[in-house]
Amino acid sequence: MTDSLFPEPGNYDAFLSILKQRIRTAQVRAALAVNKELVLLYWQIGKEILQRQHEEGWGTKVIERLAKDLKREFPDIKGFSARNLKYMRAFAEAYPDEQIVQQAAAQIPWFHNCVLLDRVKVPEQRDWYIQQTTQNGWSRAILEMQIESRLYERQGSAVTNFSQTLPKPQSDLAQQLIKDPYNFDFLTLGKEAQERDLERALVERIRDFLLELGAGFSFVGSQYPLEVSGKEYRLDLLFYHLKLRCYVIIDLKMVEFQPEFSGKMNFYVSAVNAILRHPDDQPTIGIILCKSKNKTVAELALQGMTQPIGVSTHQIGDVPDQLKGILPTVEQLEMELDNAAAELEKQEQGRLET
């Protein structure tokens, strides 16, 4: 008979796992609650400053005085610098409605809001970035990067036939999924680079690639083989999208879009649906990613296609030709680092011997 003070290991492990998950959930909720209260406090302070400046005619120097007085009264609390008080005033000016603050801005950390105040001036765009931050858990650095890459303008702007080939709301979700252009500035490829060079570079930097693709993409493979009637075909890149619940094929091109690309992709999508797609999966989507495109040509090329296909472009960081002979390669940099480390080790050994 098992002593009740010492439960069976399996039962105890399960019990401990449940408790750990509850504690972590409570910690997250507590952190979010603290953040929300802090953001609301800063909004209220900013509102009071605005109101006093408007009604009492206080000048901008009052913020410097207020910062000193608040620091003197609350020496252990950070956040009452003159710079941050100015952010509070700007925050209250940008969001005059407290309900909107509670529903949106208070859902992200304070310094995320400061980034948005500095970098995004259009309220609709600011609200969109807040929504994306809460959905995707963006850090401040990622938020800054997405703003810098003009993600708002690029989202959902690709040429597609989704409205004709996918049911709603799948068509709307898929449309928002695809950007134009895709920003591959994390890559450095010469002008002579071919499709396989781009594919290889993207796979080597898969984390950056997935971040640019957006939340929900799961990498399945590159040069993924499909056998149709005894002949093998290979897909450049194959993904599965967890939110759309479908396969996504990406065909890479280092040239301008050509109408025949859509026919090839139409075949690839049909083949994946026939061979890989599970009955519970949504229809497969194809993305043709080109160096450039003519919008009219792309729209006409997609009109006769029966499968959902999108056409987008990519931007790649390029090394100027005049610098290619000057900048060191990765191998050269690694060799230099190894030599420097060996020299430091030699010097340290000599110091110890003396």
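Two strands pair if DSSP finds at least two bridges between them. Helices (H or I, at least four residues) and strands (E, at least two) are themselves DSSP runs, numbered from the N terminus. With that in hand, look at E5 and strand E6 (residues 285-290): they pair in the parallel sense over 5 bridges. One of the partnerships here puts aspartate 251 opposite isoleucine 288 in E6.

A word on what you're looking at: this is a predicted model, where local features need pLDDT of at least 70 and side-chain atom pairs count only at pLDDT 80 or more, while totals for chains, interfaces and linings use all residues. Residues are numbered from 1 along each chain as its sequence is written, and side-chain values use heavy atoms, with hydrogens and water left out.

Zooming out, the protein's secondary structure comes to 16 helices and 7 strands. Of its 354 residues, 38% are buried, where buried means under 20% relative accessible area, exposed over 50%, and partly exposed in between (1.4 Å probe, protein chains only). Contact means heavy atoms within 4.5 Å. Among contacts between residues at least 6 apart in sequence, 63% join residues at least 24 apart.

Back to the strands. E5 is mostly covered, with 7 of its 7 residues buried. Cys246, Val248, Ile250 and Leu252 sit on one side, Tyr247, Ile249 and Asp251 on the other, and both faces are covered. E4 joins strand E5 (residues 246-252) through 5 bridges, and these two run antiparallel. Phenylalanine 239 has valine 248 of E5 as its bridge partner, and histidine 241 is matched with cysteine 246. The hairpin of E4 and E5 has 4 residues between the strands, and arginine 245 takes a positive phi near 60° there.

Step back along the chain and there's another hairpin, this one formed by E3 and E4 with 2 residues between them. In its turn, serine 229 has a positive phi of about 55°. Strand E3 (residues 217-228) and strand E4 (residues 231-241) run antiparallel and are joined by 10 bridges; serine 218, for instance, finds its bridge partner in tyrosine 240 of E4.

Now for some helices. Helix H3 (residues 82-94) has 13 residues and reaches 18 Å from its first C-alpha to its last. That's close to the 18 Å expected at 1.5 Å a residue, the expected span being 1.5 Å times one less than the number of residues. Its buried residues include Asn84, Tyr87, Met88 and Phe91. Alanine 90 also belongs to H3, but this one counts as partly exposed because its relative accessibility is 29%. Its C-alpha is 9.1 Å from that of tryptophan 43, 47 residues apart along the chain.

H3 packs against helix H5 (residues 110-119) at an angle of about 70°, with the axes 10 Å apart. Axes are lines fitted to C-alpha atoms, for helices over the stretch in contact, and angles run from 0 to 180 degrees between N-to-C directions. The two are therefore roughly perpendicular, since angles under 35 degrees count as roughly parallel, over 145 as roughly antiparallel, 65 to 115 as roughly perpendicular and the rest as oblique. H3 brings Asn84, Tyr87, Met88, Ala90, Phe91 and Ala94 to the contact, and H5 brings Trp110, Phe111, Asn113, Cys114, Leu117 and Asp118. H5 itself is mostly covered, with 7 of its 10 residues buried.
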